[in-house]
Amino acid sequence: RSRHQRFLAPKARLSARELDYLTDVDHVTHEALVAIDETTGQIVGVARYATGSGGGAAADMALAVVDAWQRRGIGHGLAVRVVERARANGITRLTGTALADNRRVRSLLDRLGFRVRSVSAGVVEVELDVPPARPSLPRRPRYRGAPRTSGSSSRELRASLANTRVR
């Protein structure tokens, strides 16, 4: 069932060409993240994005979780991380497709901010304008000669910092 939902049609096995495409990952224009069952070492979920052959700032995203591992948050975790990787690599738009009756993945994509572009022949096309990264907070100043906070009382720390210069 999960393979049918991922490829939008029944698929008993992948062709050599499909396997090459799915495994030739450069981590910039084509990224793939997996979830692995720690007891068996088997892949139980994968999220990926890939730009077109010319690269660019738009990419197609896909997500699949093995049937027995669904409804455990794996899809959400993988999807959030692949969107983060896309953002870090300059991707500004992600697109994807899902079967219209796949309510779980549609709900997940909706929670992530994807919007429906079109619905046709039982397939939903979605897109996400990847939000820019939030600005990071400035680094805390480092104090020369200040004791480590663990094991020091706040009174000792304040006294030490009162006589310390900021770098």
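What percentage of the 167 residues in the protein chain do buried residues make up? The share is 29%, in what is a predicted model.

**View 1. The whole protein chain, with its five helices and six strands.** Welcome to the overview! Starting at the N terminus, the elements follow the order α-α-β-β-β-α-β-α-β-β-α. Among contacts with a separation of 6 or more, 48% come from residues 24 or more positions apart. Mean pLDDT for the chain is 78, with 69% of residues at 70 or more.

**View 2. Helix H3, residues 74-88, and its surroundings.** Let's check the geometry: with 15 residues at 1.5 Å each, H3 should span 21 Å, and the 21 Å between its end C-alpha atoms therefore agrees. Buried residues of this helix are Ile74, Gly75, Gly77, Leu78, Ala79, Val82, Val83 and Ala86. They pack against strands E1 (30-36), E2 (43-52), E3 (55-65), E4 (93-99) and E6 (123-129), as well as helix H4 (103-111). After H3 comes glycine 90, with a positive phi near 85°.

**View 3. Arginine 48 in strand E2.** Here is a residue to linger on. Arginine 48 is buried, yet it has no salt bridge. Its nearest side chain of opposite charge belongs to glutamate 31, 8.1 Å away; a salt bridge requires a nitrogen-to-oxygen distance within 4 Å. The side chain of arginine 48 does make a polar contact of 2.8 Å with the side chain of histidine 30.

**View 4. Residues 142-167, where pLDDT stays under 50.** For this stretch, the model has 20 contacts beyond four places in sequence.

Key. Residues numbered from 1 in each chain as written. Predicted model: local features only at pLDDT ≥ 70, side-chain atom pairs only at ≥ 80, totals over all residues. Heavy atoms only, no water. Helix = DSSP H or I, 4+ residues; strand = E, 2+ residues; numbered from the N terminus. Expected span 1.5 Å × (residues − 1). Buried < 20%, exposed > 50% of the residue type's maximum accessible area, 1.4 Å probe, protein only. Contact = heavy atoms within 4.5 Å. pLDDT = per-residue confidence, 0-100. Lys, Arg positive; Asp, Glu negative; His and termini not counted. Polar contact = N/O pair within 3.5 Å; in protein donor to acceptor, adjacent residues only side chain to side chain.
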